[in-house]
Amino acid sequence: MHEFRWMAPIRVGFSSVPGVMEREPVAYRDFWISMSRQMQRSRQADGTQWELPRTVLPTDTRLGWSKAAADTLPRPLEVIIATEEVDGTRVLEGLVVTELSWRLHDHGVLLVEGRLRTAAGTEAAVLGDANHWEGAVQRAGRELSRSCAERVNSLLAEEVSRTDDAGKLVDLEQLGVGEPLWVTRSLAFDPLDETGADFARAWVSGIDAHHTVVVEDLIVGDVPLVAQWMNHVHRPDQPEPVELSWRALRKAQFFWSALHWVDDSLREILAWTMADRKDLSVRDLRLELRKAMIQAQELLMLRADVRQHVSRRTHEEMQRFLGIWEYTELLEDPVREKVEICKERLGSLAEDRAARSAMFTDIILMSIGVTSVLATAIALVQFGRDAGGDPSQSVFDLGNGTITSWLSSQSMDAILIISLLLSTVLVAVFIWKRRQSVS
């Protein structure tokens, strides 16, 4: 018999409104207290154990770093922690589900985890096939993660809809249930199993040379776990370092998956900003760009806070995972670059918007100017005719003005047509030169 532990991040449409825990801590705390009461009343019989860590208000009077060997985060990363009741009868891919739980985080991250064991009566040939069980654990984890995500989406939609002004505190987006980002699978090595050593070697044999060496140290008991890349091995008889590593793995997977989805959003939005389409809404693009930028910046700040406040052992293990995965090079640096590109695009959109506004203003001023051409021409005609009929108005003239006399002798229709033609030419020249300056 083999036992496995697994963890999978999957995306859901939930996040707290950025900055709300700092701006409105009491209202945010009261919201989760209300949610806790609603969930207790409506879900007393489903066997799930619920925990809502954010029902407690962080206080500035709390002593920081009060425990040298424990995490002292100002705010818990988890929003809801749930342990579902399992009866040991559910079998997926030849694996019995023995434990199932999930942790809801901000930024749309749901971490689902559990334990599986091979079903009784499994043939010996299949039991020793590491490749078979690697795929089986992934498929079982995928199905369990998707079912948990569906329940979480429906739970949040139901409970949040009962709370007034919930939109000011949490952001609930209607997302379809997709695929988990990955399924991490950890083999529980049993030193009493005669075939356990060979199975453990096969479990990590295809990763790299480091795993091939370190798994031998685990088999003899010199190290408690081999945990770097997807296929892990741990010794249940050394629970303390194993649990420490698993807790650090949760934090590392949260940061990776959250920033991975932010990176996807930034990439998609930037792709739309590059499209040459007239039907795109500049306002919507600006809003989406700002939203994605805020999420990225908040995540980067959150990681800095966590690194500052977690215990040194947790920090070391979390950094080890992220370093092995090349988190900074593959994810954080590209996100920072995309944020800078977003800033440039926002500046460009703002300049385009200002240019369009300026052009609209200029057209209004031009229209006023064009109207004055017609008014001036009519006024000159009227003045010439009045001066010709009233000698007192031309007493200082030395003779009839040629221009004034000519204008006064023209018909009003001719003056109107000439003024309109002149105005049209002026408008055309203005628009042509304005378009050249904008482009």
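## Salt bridges, rings and a small sheet

At 39% relative accessibility, E93 counts as partly exposed. This is a predicted model, and E93 is a handy place to start, as its side chain meets that of R139 in a salt bridge, 3.0 Å from N to O. The two come from distant parts of the chain, 46 residues apart: E93 sits in the loop between β5 (91-92) and β6 (95-105), while R139 belongs to helix α4 (residues 130-160). R139 is partly exposed as well, at 41% relative accessibility.

Searching the whole structure turns up 26 salt bridges. Here are three of them, with the closest N to O distance.

| Pair | N to O distance |
|---|---|
| R139 and E93 | 3.0 Å |
| E159 and R162 | 3.5 Å |
| R336 and E332 | 3.2 Å |

Which partner is buried in the bridge of E159 and R162? E159 counts as buried, because its relative accessibility is 0%, under the 20% cut-off. R162, on the other hand, has a relative accessible area of 43% and is partly exposed.

The R336 and E332 bridge stays inside helix α10, where the two residues are four apart, about one turn of the helix. R336 is partly exposed at 40%, whereas E332 is buried at 9%. Elsewhere, R5, E99, R115 and E243 are joined into one network by salt bridges that share partners.

Helix α10 spans residues 327-389 and also holds I364. Together with L365 and I368, I364 makes a nonpolar surface patch of about 290 Å². I364 itself is partly exposed, with a relative accessible area of 41%, so it passes the 30% cut-off for patch residues.

Now for the rings. The whole structure has eleven aromatic pairs. One of them is W256 with W325, an edge-to-face pair with 6.1 Å between centres and 85° between planes. This pair links distant parts of the chain, 69 residues apart: W256 is in helix α7 (residues 239-273) and W325 is in the loop between α9 (312-324) and α10. Are these two tryptophans, W256 and W325, buried or exposed? W256 is buried with a relative accessible area of 13%, and W325 is buried with 10%.

W325 has another ring partner in F321; that pair is tilted, 5.8 Å centre to centre with 35° between the planes. F321 is buried, as is W325. Ring pairs tie W182, W256, F321, W325 and Y327 into a cluster. There's a charge here too: R320 lies over the face of F321, 4.8 Å from the ring centre.

Last comes the strand pairing around β11 (residues 231-234), a strand covered on both faces. N231 and V233 are buried on one side, and H232 and H234 are buried on the other.

Which strands does β11 pair with? Strand β9 (residues 184-188) runs parallel to β11 and is joined to it by four bridges. Strand β10 (residues 225-226) pairs with β11 in the antiparallel sense, over two bridges. To place the register, S186 has H232 as its bridge partner in β11, and V226 has V233. The hairpin of β10 and β11 has four residues between the strands, and M230 takes a positive phi there, near 65°.

Note on methods
Residues are numbered from 1 along each chain as its sequence is written. This is a predicted model: local features need pLDDT of at least 70, side-chain atom pairs count only at pLDDT 80 or more; totals for chains, interfaces and linings use all residues. Side-chain values use heavy atoms; hydrogens and water are left out. Patches are made of residues with over 30% relative accessible area and no salt bridge: like charges are joined within 9 Å, nonpolar side chains (Val, Leu, Ile, Met, Phe, Trp, Tyr) within 5 Å. Accessible areas come from the Shrake-Rupley method with a 1.4 Å probe; for residues, only the protein chains shown count as cover. A salt bridge is a side-chain nitrogen of Lys or Arg within 4 Å of a carboxyl oxygen of Asp or Glu. Buried means under 20% relative accessible area, exposed over 50%, partly exposed in between (1.4 Å probe, protein chains only). Two strands pair if DSSP finds at least two bridges between them. Rings of Phe, Tyr and Trp (its six-membered ring) pair if their centres lie within 6.5 Å; planes under 30 degrees apart count as stacked, over 60 as edge-to-face and the rest as tilted. A charge sits over a ring if NZ of Lys or CZ of Arg is within 6 Å of the ring centre and within 35 degrees of the ring normal.
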